[in-house]
Structure formats: structure tokens, C-alpha cells
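This report looks at how helices pack in one model and at the enclosed spaces found inside it. Please keep the sequence and the structure at hand while reading.

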Amino acid sequence: MAACAFRRSIASQLSKVLDLPPENLIKSISAVPVSKKRHVADFQLSVASIEEGSSSDCLVQDLQLRAQKLAEKHKEALTQALGTGRSDYWRTTQCFEERLKLWKSQLKCDAVVSEISTGPGTVNFTINRELLAKTVLQQVLKDGTEYGTKSELFSTVPKQRAVIEFSSPNIAKKFHIGHLRSTIIGNFIANLKVALGHEVTRINYLGDWGMQFGLLGVGFQQFGDKEKLKSRPLQHLFERLGVHFDEYSGESFYREKSREVLKMLEDKGLLQKTTKGTGVVDLSEKKDLSSFSTVIRSDGTSLYITRDLAAAIDRMNKYKWDTMIYVTDRNQSSHFQHLFQILKLMGYDWAERCQHVSFGLVQGMKTRKGEVIFLEDVLDEVRSRMLENMASAKTTKEVEDPVDTAEKVGLAALIVQDFRGLLSSDYQFSWDRALQSRGDTGVFLQYTHARLHSLEQMHGNEPVTDINVACLQEPDAISVLQHLLRYDEVLYRSSQDLQPKHIVSYLLTLSHLAAVAHRTLPVKGSTPALAQARLCLFQAARSVLANGMKLLGITPVIRM
């Protein structure tokens with residue numbers, strides 16, 4: 001990974017100055033976001049980030065002590081430089097920036113780092129421009145779909161077995177719009193974990209209590225191929241969405257096992273009967289029933305939580321997972337909190353490795369016919385609107401299958417609008433905003449990808465190698481290279497909080513930078529060496545754009 005080599009080189013220098021092991025510094029050396037207004041360095045060290053990133057108070061204290069010792073070592077020079085006349089001024093917090101400058105004075109430019117500067121609380125490093133271009137482009141084209149995923153930022157993250165439950169409709173009813181968020185969010189989390197080398201089992205837990213598993217939901221016949229529909233109705237539906245599952249299971253599968261769970265709760269003294277005849281588990285700290293969860297009705301029938309308890313235990317026995325993630329709307333937060341608490345009371349310590357990823361509500365999603373309720377309404381609407389937009393746009397190229405292209409671009413629009421903010425937030429849906437071709441939208445991502453793909457086709461469509469990197473020194477070329485450098489950090493951040501917004505923001509910025517570079521750095525009409533170098537830059541940008549889009553669950557189009 002290009003960024004890794006640069007971080008290691010910088011960490012090696014810093015370790016000598018700060019007298020700290022390089023591995024303690026690597027995650028505190030971050031690529032600097034590209035700025036439209038001014039030239040920026042490529043990497044920066046934030047002292048605050050070393051402290052924040054440390055899980056050990058000892059390391060923080062150690063760092064502060066070492067920094068102080070370094071300052072003490074040079075206090076005479078520092079006091080003289082400050083000209084304050086106060087021999088104790090070097091100890092004050094106001095002197096922090098001067099300490100940074102002092103650290104900077106100990107660092108030397110070399111074959112990798114061409115410039116070192118200080119900013120507010122940071123030391124900034126600019127990489128040799130030709131080395132930056134050569135290393136980034138070689139790495140992107142060499143790693144292909146794995147670019148960014150093999151970064152040493154993930155070296156301390158153990159490979160895990162993850163079970164992800166998402167989508168989970170009631171098969172006797174139409175696929176509700178609320179399930180769309182669960183489906184695309186769960187799909188994103190699964191895609192990201194697989195890309196980072198984890199073993200993932202995708203489960204669709206069907207709300208079919210009291211129903212036969214094979215029952216066709218109302219309206220499912222609309223989705224074509226009747227034989228396929230009868231044999232695997234839900235699988236056929238999700239091929240709309242480009243989603244797959246490793247297991248379909250339903251609540252009715254756990255009817256018997258939920259009775260076993262109730263017996264276990266009773267044997268452990270956790271099941272209590274109320275005056276109404278219901279069975280509850282006391283979750284209060286003082287055991288005064290100030291907080292409880294009902295696990296059995298007065299008529300003896302089980303509830304959702306009882307069957308979820310049985311499912312969780314069964315999955316651990318079956319998959320021996322390291323983490324299990326449930327993706328549902330935030331209204332179910334209390335349900336999952338109770339679920340995890342009961343599992344813990346039952347003696348299952350692995351309950352701490354269960355996680356509920358919650359999401360907010362979509363407001364104002366209406367079709368021309370009125371309020372949207374079902375998924376097919378949304379897909380029909382997005383398809384018809386995109387076909388209209390494509391037909392009226394001057395830039396639209398002739399495509400083999402306009403309907404298929406309209407669906408892929410339309411779904412990209414839905415996914416990007418959904419993923420732009422925090423998942424737990426509600427958001428106001430707008431068709432006009434989602435389907436804009438020039439704003440921060442999924443349509444713009446698709447348009448950029450198609451445009452870059454077209455550029456490659458015009459000039460041979462072969463991977464470009466052995467370029468003259470001296471031809472890529474213009475500011476707009478450097479901006480694209482700097483942004484490509486940051487990709488592993490963005491993946492790392494999303495892997496930590498499971499929020500797709502980091503990747504969405506990164507891809508939108510990449511598309512804007514590529515659009516500017518496409519205007520200012522023409523391939524056609526340039527000298528062969530210049531054309532080859534620029535083409536390589538655009539190939540790298542398109543490759544990373546496609547990788548990120550696929551993680552989000554978007555299928556990149558090559559013409560639109």
C-alpha cells in the first residue's frame with residue numbers, strides 16, 4: 001500500500017526524535033484531506049491524535065514525558081528563540097507550538113520527504129512529487145480490487161467470523177420500504193467485512209411466524225420468471241438489488257428451540273410469572289422488576305424475543321462466530337438491548353460481541369401516485385425517472401439496455417442519498433436532489449465512472465505501465481494522487497464505526513477531483529508521454545471509484 005510505505009518512512013524519522021517505537025506512531029500519521037483553496041502537505045502528525053489513539057495512559061504520559069525531556073534538552077535554545085526573558089516559559093502550554101517547531105528542527109528531508117512544516121498542533125510532511133505519483137499509481141494498478149484493504153492500518157485487527165442479520169421481511173407481506181434501508185446497510189457491512197478478509201455469513205431472518213416458509217407474498221409475482229419465483233422467491237427479488245444471502249431462516253424454525261430457551265431460563269431461576277400470567281425476565285440492577293422483558297404470553301405462546309434468543313444461541317453453535325450484527329431500525333433498540341442482557345444473564349459472555357446497527361426513518365418519500373409504501377413502488381419510480389432524465393440529457397450515450405442502466409443508476413442515487421449522513425439519523429428524501437447528475441449524488445458517481453471508462457476505451461483500454469511521472473506535476477494531478485493516498489484511512493474509519501458516509505464522501509470528492517482533472521489535463525492532443533501519464537492517472541481514479549462503489553452495493557455502469 002502506497003500510503004503505508006510513506007507512513008513507515010515518516011514514523012521512522014519521528015521515532016528517533018520522540019524516542020518512541022515507529023509502530024506507536026503510524027496510526028497518528030494521517031493523509032491530509034485535499035483542499036480546493038490551497039496547497040496542502042501529504043501527511044501530518046497530530047500530537048493530540050497520538051494521545052487519543054493510545055489505549056494506554058502510560059503511553060500518553062510517556063509521550064508527554066519524552067516531549068518534555070526533549071524540550072528540556074533544548075530549553076536554552078528555545079528560551080533564547082522565544083526572547084521572553086522567562087526561563088520557565090518553555091514549560092507552559094502556550095509554548096506548545098514552539099515545541100512542535102523544535103521537533104521539526106530535528107527532522108530532515110530525505111529521498112521520501114521533500115518538505116517539513118508545522119501547523120496548529122501538527123507537523124506536516126510533503127512527499128517527493130515524482131515518488132508520490134510513481135508509488136500511488138503503481139500500487140493502485142497492481143492491487144486492483146484489493147487496493148487499500150491490505151493496509152497495515154488493519155494489521156492489528158484480527159480476522160473474524162461475522163454473522164450479519166439484515167433485510168428480514170415478512171414473506172406473507174409486500175417488501176416494505178423500511179426493509180430497503182436494512183437491506184442496503186446490511187449489504188454494505190457484509191461487503192466491507194469480506195473485502196477486509198473476514199468470513200461473513202449473511203442471514204435473512206424471515207418474519208413468517210405462523211406461516212409456511214414457501215408461501216409467496218402478495219405482489220411477488222410481479223418480479224418475473226415464475227419457475228424461479230416459486231423455487232426461491234426472495235432470492236429472485238434480491239437479484240434486483242444485487243444482494244445475496246447465505247441463509248434464509250424464519251421465526252417458525254425456532255418454535256421448538258424457543259421452548260428449550262424458556263426451560264433454560266426457568267432452570268436458571270431467571271423466569272418469573274406475573275399476576276397477569278405472563279413470563280418475564282427481571283433486568284433491573286436491584287432485582288425489583290423496575291426493568292424487565294416479557295418472554296412468554298399468558299397463553300403460553302412465545303414472543304419475538306424468545307425466538308431471537310433461540311436463534312442467537314443456535315447461530316453460535318452453528319457458526320462459532322466472533323461478532324453478530326443485527327441491522328434494523330432504531331425503534332428496535334430496546335428489543336436488542338433486552339436480548340443482549342438476557343443472553344448475558346443466561347451465562348453467554350459472547351453476548352458482548354453482539355451489535356445492533358440501527359438506522360433512522362426515511363421521510364417524505366412519495367411517488368407521483370402518492371405515498372410510497374412498498375419497494376416495487378420505489379424501483380418503478382426510480383427507473384421511470386432515470387429513463388426520462390437519460391432521454392432528455394444531452395450527454396447521454398446510446399446504451400444497449402436503457403432499462404438496466406436506468407435501474408443501476410437509479411439504485412446508486414437511492415443508496416448514496418441514504419448513506420450520506422449518519423445511519424441513525426432520519427432524513428428527508430427528495431427525488432430531485434437524489435437524481436441530480438451534477439450534485440453530490442449517486443448519479444454523479446455513475447456519470448464519472450462511465451466518463452472515465454469511455455476515456456480508457458478511446459485510448460486503447462489497456463492498463464498503462466512505465467509512464468513518465470514527471471508529466472504529472474500539475475496541481476490538479478497532484479490533488480487526485482493525494483486523494484488516492486487516503487483511501488485506506490477511509491476504509492479503516494468505516495470498518496471501525498460501520499458508517500458508509502466516510503466512503504460516500506470520499507468517492508464524491510474523488511469524482512469532483514477527477515472531473516476537474518478531466519477538464520484541465522486533456523489526454524487527446526497531448527504528447528505521447530503526457531497522454532500516457534494522464535491516462536494512467538484517470539485509470540487509477542476509475543479503479544478506486546469502482547472499488548468503493550461496489551462496497552456500497554452500487555454496480556458501476558460503463559455507458560450512460
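## Helix 17 against helix 20

Where helix 17 passes helix 20, the crossing is left-handed. In this predicted model, the two helices pack at an angle of about 35°, and their axes are 11 Å apart. On the side of helix 17, the residues that make the contact are Ala477, Val480, Leu481 and Leu484, and they are met by Leu537, Ala540, Ala541 and Val544 of helix 20. Sorted by class, the contact of helix 17 with helix 20 comprises eight nonpolar residues, with no polar and no charged ones.

## Helix 17 against helix 19

Helix 17, which covers residues 475-485, also packs against helix 19, residues 501-520; the axes of this pair come within 9 Å and cross at roughly 160°. An angle over 145 degrees counts as roughly antiparallel, and helix 17 and helix 19 are therefore roughly antiparallel to each other. As helix 17 passes helix 19, the crossing is left-handed.

From helix 17, the residues in this contact are Asp476, Ser479, Val480, His483 and Leu484, while helix 19 contributes Tyr506, Thr509, Leu510, Leu513, Ala514, Val516, Ala517 and Thr520. By class, the contact of helix 17 with helix 19 divides into eight nonpolar, four polar and one charged residue. Val480 and Leu484 of helix 17 take part in this contact, and they are also among the residues that helix 17 brings to its contact with helix 20.

## Helix 16 against helix 20

Helix 20, residues 528-552, has a further contact with helix 16, residues 442-458, in which the two pack at an angle of about 140° with their axes 9 Å apart. Since this angle does not exceed the 145 degrees beyond which a pair counts as roughly antiparallel, helix 16 and helix 20 are therefore oblique to each other. The crossing of helix 16 and helix 20 is left-handed.

Helix 16 enters the contact through Leu445, Gln446, Thr448, His449, Leu452, His453, Leu455 and Glu456, and helix 20 through Leu535, Phe538, Gln539, Ala541, Arg542, Leu545, Ala546 and Met549. The classes in the contact of helix 16 with helix 20 are nine nonpolar, five polar and two charged residues. Ala541 of helix 20 belongs to this contact and also to the contact with helix 17.

## The largest cavity

A search of the whole structure finds three cavities of 30 Å³ or more. The largest cavity holds about 90 Å³ of space, and of the 11 residues that line it, Leu180, Ile184, Leu414, Asp418 and Tyr427 are the closest to its centre. Helix 7 (177-195) and helix 14 (402-419) each supply at least two residues of this lining. The lining of the largest cavity consists, by class, of nine nonpolar and two charged residues, with no polar ones.

## The second largest cavity

The volume of the second largest cavity is about 40 Å³. Its lining is formed by Ala413, Val416, Gln417, Arg420, Arg433, Ala434, Asp440, Thr441 and Gly442. Helix 14 and helix 15 (431-434) each supply at least two of these residues, and helix 14 gives the most, with three. By class, this lining has three nonpolar, three polar and three charged residues.

Helix 14 thus appears in the linings of both cavities described here, supplying at least two residues to the lining of the largest cavity and three to that of the second largest.

Key
Residues are numbered from 1 along each chain as its sequence is written. This is a predicted model: local features need pLDDT of at least 70, side-chain atom pairs count only at pLDDT 80 or more; totals for chains, interfaces and linings use all residues. Side-chain values use heavy atoms; hydrogens and water are left out. On a 1 Å grid over the protein atoms alone, a cavity is a set of points where a 1.4 Å probe fits but cannot get out, and a pocket is an open set with protein on both sides within 12 Å along at least five of seven lines; lining residues have an atom within 4 Å of a point. Grid points are joined across faces, edges and corners, and a volume is the space filled by probe spheres set on the points. Helices (H or I, at least four residues) and strands (E, at least two) are DSSP runs, numbered from the N terminus. Ala, Val, Leu, Ile, Met, Phe, Trp, Tyr, Cys and Pro count as nonpolar, Asp, Glu, Lys and Arg as charged, and the others, Gly among them, as polar. Axes are lines fitted to C-alpha atoms, for helices over the stretch in contact, and angles run from 0 to 180 degrees between N-to-C directions. Angles under 35 degrees count as roughly parallel, over 145 as roughly antiparallel, 65 to 115 as roughly perpendicular and the rest as oblique. A crossing is left-handed if the near helix is turned anticlockwise from the far one by less than a right angle, and right-handed if clockwise. Contact means heavy atoms within 4.5 Å.
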